[in-house]
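I opened this entry to keep track of what I looked up in the structure. The order is the order in which I went through it.

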Protein chains: 2
Amino acid sequence: MNPELSFIDQLRSIATDPAARGLLDDAAVLDLGGTRLVLTLDTLVEGVHFLAEDRADSVAWKLVAVNVSDLAAKGAKPLAALTSYTLTGDAAWDNVFIKGLGEALDHFGIALIGGDTVSAHERSIGLTLVGEARGFVPSRSGAHEGDALFVTGIVGDAGLGLAIARGDMTGPASLLAAYRRPVPQLAAGAALAPTVSAMMDVSDGLLIDALRLADASGVAAMIDLDAIPLSPEFRGCRGDDRAARLIAATAGDDYQLLFASARPLPSLPCAATRIGQMVRGSGVHLHDRDGAVPLPMTLGWLHQ
Amino acid sequence: MNPELSFIDQLRSIATDPAARGLLDDAAVLDLGGTRLVLTLDTLVEGVHFLAEDRADSVAWKLVAVNVSDLAAKGAKPLAALTSYTLTGDAAWDNVFIKGLGEALDHFGIALIGGDTVSAHERSIGLTLVGEARGFVPSRSGAHEGDALFVTGIVGDAGLGLAIARGDMTGPASLLAAYRRPVPQLAAGAALAPTVSAMMDVSDGLLIDALRLADASGVAAMIDLDAIPLSPEFRGCRGDDRAARLIAATAGDDYQLLFASARPLPSLPCAATRIGQMVRGSGVHLHDRDGAVPLPMTLGWLHQ
């Protein structure tokens, strides 16, 4: 049994407030005195979410970007952040981290309003992000049979970037940048939120996140592997066959938006590609030009 | 140099929004669309803030209580929480923790609205608490020359409770309970907030926290060691001489409210004891019936 799921199931049993959305979303939505708050808390642990050799300013960027991405999926505007930081005795790393944190927060227009430091052996950095939404806040659970399934931007680059960062392969700098400096789709999320039936960010891999969206909505996702948008750099490194596409669809860290919609797409600041459809049933089902494709053993990256 | 202070100084340089209150408070105050949010993020690390042998439900209580205490010092009402939890592979501990977390949140009327789990070797648990304040939110920095200095409840019990938990001494169960199940002064904080000039919670020790309040306010604190409220249990274990009072005044984990006020006290649901006065100058200055008392080497508990 996946220990995270078991623990989350237990947490869910005490998270009964509607604002918790059953812990099925990456962000909580709290209506308070006419203000619709969207809140997220994500933690990055060294060795799990980033590598010991990753630059501290890249880690800071990523910490902010992954939380912003959660808010992007809610169509919310990020406003303020609190950080929880472990001091492990490496002042040089800490200094570069803070500089990077300041730059990342500035980039997204977020005010740092609180910080807690604790001394620890393991580097683990949490960020609480507070944002505000106006109007409808999409969840993962609103997709209906017949909705089209879309993803923004391209997927798979960050997975190859991680392999480059680990020294497992060489490749263009754009792939490494996709891993180190993911760009959350904030503007696209805001434009899409009023029109989609369900939306989430792709953090752990397209297939596993599509499964989560399908499960939360009580429908199945049919995905055309050939439709998954790949970059020229990805194709240059891995090709464009079924195996390559499965790598892209199961790599994590894309921070694109995955959404179901029955309506025409609004004007967006980025590409959005129709990759499939929501149908009756459950699970994720893959096909390509050659027919049905068996699901890979691992649908994505589980941070365990 | 204290590494926490150095890091916090750097964080402060990027936390320029008024809501951050210069990171000189334990909570951030964010005005959003007519709602005055009070936000805090505190993390407990095993071996630093709790002992490996502490019961998981006590740790859960403490995690909630320390964050509630931060809100109590702002006179805010806690509403919702997000938790960041490390899975270290001990499902039995995790189960007891969740049960305790549910009970603690229920006790304070807080909804759990978000949770993030990460796998790690070191047990480190963060909680973001969202509360709401109405009207004036006191800070640490508002004390004036001439204000009287008060503390709620009693101090020192939790420090002895920690010694009992560590096996360093034996003593009454009430001392252990003071360490394991601190009770934040939420109702007192709400009653005091409109009338005090400065307020904070005593988490690291009365003397160090009084120094923080004095420094933030640009005045000095004169404290009468004889006035510090001790419990009969504390006196029974440690006596009531200068050395015993210095132990009480520098032990952490009291979670009482320390406040400066020039006005009559409102009706309170707990005792509040006048322990000194704010005067011109800087620092903390101690005296007792025998005259001036030199400051101890350590004013409190630094979580390093």
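The notes below go from the pair of chains to the core and then to the sheets.

**Symmetry.** I kept in mind throughout that this is a predicted model. I began with how the two copies relate. Chain A can be laid on chain B by a turn of 180° with a shift of 0.0 Å along the axis, and the RMSD is 0.0 Å. I noted this as the relation of a two-fold axis. Both copies use the same surface, since 100% of the contact residues of chain A recur in chain B.

**Interface.** I then looked up what the contact is made of. Chain A gives 55 residues and chain B gives 55 residues. On the side of chain A that touches chain B, I listed the elements that give two or more residues: the helices α1 (3–14) and α3 (91–108), and the strands β1 (28–32), β2 (35–45), β3 (77–87), β4 (111–119) and β5 (124–133) of chain A. Which of these gives the most? I found β4(A), with 9 residues. By class, I recorded 29 nonpolar, 19 polar and 7 charged residues on this side of chain A.

**Core.** Next I checked the largest nonpolar core, which has 210 residues. The residues with the most contacts inside it are A:Leu39, A:Val64 and A:Ile113, together with B:Leu39, B:Val64 and B:Ile113. I followed A:Leu39 outward, leaving aside its neighbours within four places in sequence. In its own chain, A:Leu39 is in contact with A:Ala27, A:Ala28, A:Leu30, A:Thr128 and A:Val130. Across to chain B, A:Leu39 is in contact with B:Leu82, B:Ile113, B:Gly114 and B:Val130.

**Strand pairs in chain A.** I looked at β8 (220–224) of chain A and its partners. Antiparallel to β8(A) runs β10 (272–279), joined to it by 4 bridges. In that pair, A:Ile223 stands opposite A:Gly276. Parallel to β8(A) runs β11 (283–288), joined to it by 5 bridges. There I noted A:His285 as the bridge partner of A:Met222.

**Sheet in chain B.** I wrote down the strand order of an open sheet of 7 strands in chain B: β7-β9-β6-β10-β8-β11-β12, with mixed pairing. Why is one side of β7 and of β12 left without a neighbour in the sheet? β7 (198–202) and β12 (291–293) of chain B stand at the edges, and each has a single partner strand. Neighbouring strands of this sheet are turned by 30° against each other on average, direction ignored. At the β12 edge I checked the pairing with β11 (283–288) of chain B, which is antiparallel and has 3 bridges. B:Asp288 stands opposite B:Gly291 in β12(B).

Note on methods
Residues numbered from 1 in each chain as written. Chains lettered and ligands numbered in written order. Predicted model: local features only at pLDDT ≥ 70, side-chain atom pairs only at ≥ 80, totals over all residues. Least-squares fit on C-alpha atoms with pLDDT ≥ 70 in both. Contact = placed C-beta atoms within 7 Å. Nonpolar A, V, L, I, M, F, W, Y, C, P; charged D, E, K, R; others polar. Pairing = 2+ DSSP bridges. Core = buried A, V, L, I, M, F, W, Y, C linked by C-beta atoms within 7 Å. Buried ≥ 20, exposed ≤ 12 C-beta atoms within 10 Å, placed from the backbone. Axes fitted to C-alpha atoms, helices over the stretch in contact; angles between N-to-C directions.
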